[in-house]
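Biologist: I've got a model open and a few things to ask about it. Could you talk me through the fold and one of its residues?

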Amino acid sequence: MPDIVWKVTVLYFTTILGFCCCFHTDVNPEDNPNIPAIAKYLATKGRYEEVNPHLIDDILAVNRSILQPPSAQCREIHLTAIIRHGTRYPTSKNVKKMQKLYELVKSSAAAKQSWLREIQTQWRMWYTEDMDGRLVQKGVDDHKHLAVRLSKLFPTMISEEKLRGGFIKFITSSKHRCVNSTLSFKAGLTGLWAITDKEFDHAVNDALMRFFDLCTRFVEEVDNNPSALSEVDKFRQGPEMRRVQEKIADRLRVPYNNITDDMAEAAFYLCAYEFAIKTVNSPWCRLFDEVDAQVMEYANDLKQFWKRGYGHDINSKSSCILFHDLFSRLDKAADENKSGQQVNEAVTVQVGHAETLLPLLTLLGFFKDSDALTSTNYASQTQRSFRTSHMLPYAANLLLVLYDCGGGELRLQPLLNEKTMTFPGLTDQRASMPLYEDVKKHYRELLQGCDFEAECQLFKPPADV
């Protein structure tokens, strides 16, 4: 989108939003032929718009009434946003799987349906290995639009004055998709305020945004340890997945043994990427019905649960460094505010990965079900809260907003994907914006412990004397 068109578009939408305090919530994606019937089950490959369907009609819509501070005195003094990169291309590993499935379908599928003819005669395998997870144009737009919406949701914090004054700090993972998402977020703000005379720096910090790579115990005990994901492997070889594979084979009219669990995953990804990148309801999506998609979603959730979530203690403990960094920022803002100074770092925007957000959400206790996800309890987990389709779409974001409500009363509000949440274990009537001191008491053990170096080093038994 040319710069001038972007500016005009943003200014038009934000003017409209100035006169409208609410948005339509009666959007039904299922009525839209461009949206696959299985779109809400695409796990970490899903669009942000499926989590917030009102954005389908108006990508810049905001609703400040969700914030609901307990008194009119409350004012924001600090905001930290930890954001996943925007929509990206598939990794080279997944491109290889997709290529293999495409060749099978093109050469061997014998069904007569029009959607299959479309794959065989019109669709082209346009994904290449060198794309390898790079940000796409939709991912650029994801962050530009998010920046504008957050500036509308928190206008005193994410403002032109604070940006120009150096009170907004940007930190990113070194991965190109994260750096380019950070640049896009900044472009959203500079485009909104038509800033052309100044550029704004960002810091690359993998210790914070890719802590999982630097946590030796996590790398050796989980990431590089096949047995750590044994529940995932069992499910992929189990009856639910086998039924999905058989249904795909039936739809294509190929022998059952031609469709492996990798092939089923590749088909699911082809549907997901075509939709996320191009907003196309691809014929690949016709290989799944809603029951199949729920099984595929569970397979993805199971992997995230055991590799990044509650499955192993080190998964969440690997994020100790980010946890302490977050609370040190909040403490610094609280101290500066208490002493009457201007808060030096009003806003921190940190761009990382799904693998950055999920361990932190887990450490904080969000989305914890009473039972662990396993290979055998799929049927009893249909109402689980641990659902990555809701938690971790592209551009997923965790916001922590610190408020001064007068008389020394500080409150902290968590939001995920622009929706308010309550801290687990804090259940009073103001749970969506509890006292900051109560939050710190709740996480006392983690604040006193949770040492990254201690948690992440491998235990070595003493040498024999």
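Modeller: Sure, here are some questions and answers on the chain and on one lysine.

Modeller: Keep in mind that this is a predicted model, where local features need pLDDT of at least 70, side-chain atom pairs count only at pLDDT 80 or more, and totals for chains, interfaces and linings use all residues. Residues are numbered from 1 along each chain as its sequence is written, and side-chain values use heavy atoms, with hydrogens and water left out.

Biologist: How many helices and strands are in the chain?

Modeller: Both are DSSP runs, helices being H or I with at least four residues and strands E with at least two, numbered from the N terminus. Going by that, the chain has 22 helices and seven strands.

Biologist: Which helix does lysine 317 lie in?

Modeller: Look at residues 313–317. That run includes lysine 317, and it is helix H16.

Biologist: Does lysine 317 count as buried or exposed, and why?

Modeller: Buried means under 20% relative accessible area, exposed over 50%, partly exposed in between (1.4 Å probe, protein chains only). Lysine 317 has 17% relative accessibility, so it counts as buried.

Biologist: Which residues is lysine 317 in contact with, leaving aside its neighbours within four places in sequence?

Modeller: Contact here means heavy atoms within 4.5 Å. With those sequence neighbours set aside, the partners of lysine 317 are Leu363, Leu446, Cys450 and Glu455.

Biologist: What share of the 465 residues of the chain count as buried?

Modeller: The cut-off is the one used for lysine 317, under 20% relative accessible area. Across the 465 residues, the buried share is 56%.
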